[in-house]
Amino acid sequence: MGKFQVMDHPLIQHKLTIIRNKNCGTKVFREVVNEITMLMAYDVARDMPLEDVEIETPIAKMTAKQLAGRKVAVVPILRAGIGMVDGFLQLIPAAKVGHIGMYRDEETLEPHEYFLKLPEDIGSRQVFVVDPMLATGGSAIMAIDALKKHGATNLKFVCLVAAPEGVKALQDKHPDLDIYTAALDDHLNEDGYIVPGLGDAGDRLFGTK
């Protein structure tokens with residue numbers, strides 16, 4: 001069974017409160033989403049493999065640690081996932097970025113894939129799939145399905161706010177997947193929004209309605 005972790009670090013929780021507030025404007029929302037993602041990425045990358053490398057400090061030669069060739073890809077689920085990409089790239093600048101475009105049918109709440117562009121070597125990369133909200137789980141399930149179909153095997157899903165229904169749906173469909181969130185909220189409402197949540201992350205990131 002994959003890991004499910006709520007990242008309750010005080011800095012993450014404090015910053016999450018800032019963006020939950022309905023009076024938080026687009027500029028601050030975007031900046032704080034980036035900051036939360038960077039804080040999460042620090043911990044999500046905890047099990048990345050290391051290797052020894054010989055270097056020379058100003059004082060002496062030594063054997064030190066560096067990341068061991070495990071290449072990384074960050075794959076945002078469009079469009080809101082874009083807001084979480086830079087947080088990862090600031091810590092892992094060599095990562096490649098893929099994109100999966102999803103839209104949600106307003107009537108059925110079912111997701112539909114409309115765009116997919118991935119690094120050719122996605123199968124050999126540690127893949128971090130990012131989307132601010134894990135609501136019904138539909139988009140995340142479809143994104144993970146698509147990535148596995150294209151050869152990705154080492155996958156982690158990272159979100160800011162999750163609903164219990166979405167976590168269960170994603171775990172049921174992809175029990176091997178590690179899921180990381182900054183908060184596990186109460187429930188989904190009849191419109192498929194997370195309660196208390198933070199509204200529509202895409203609209204709040206990009207200033208649309």
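These legends go with four close-up views of a predicted model.

Local features here need pLDDT of at least 70, side-chain atom pairs count only at pLDDT 80 or more, and totals for chains, interfaces and linings use all residues. Residues are numbered from 1 along each chain as its sequence is written, and side-chain values use heavy atoms, with hydrogens and water left out.

**View A. The two sides of helix α1 (residues 10-20).** Helices are DSSP runs of H or I, at least four residues, and strands are runs of E, at least two, numbered from the N terminus. I12, K15, L16 and I19 are buried (under 20% relative accessible area, with exposed over 50% and partly exposed in between; 1.4 Å probe, protein chains only). Those buried residues sit within an arc of 105 degrees down the axis, so they line one face of α1 (the arc uses directions from the helix axis to the C-beta atoms). P10, H14 and T17, on the other side, are exposed.

**View B. What the buried residues of α1 pack against.** Their partners are α2 (26-44), β10 (154-162), β11 (178-184) and α6 (201-206). Contact means heavy atoms within 4.5 Å.

**View C. T37 in helix α2.** T37 counts as buried because its relative accessibility is 0%. Leaving aside neighbours within four places in sequence, T37 is in contact with M84, G87, F88 and L160.

**View D. D131, in the loop between β8 (125-130) and β9 (133-134).** D131 has 11% relative accessibility, so it counts as buried. Not counting residues up to four places away in sequence, D131 touches I77, A80, G81, M84, F157, V158, C159 and L160.
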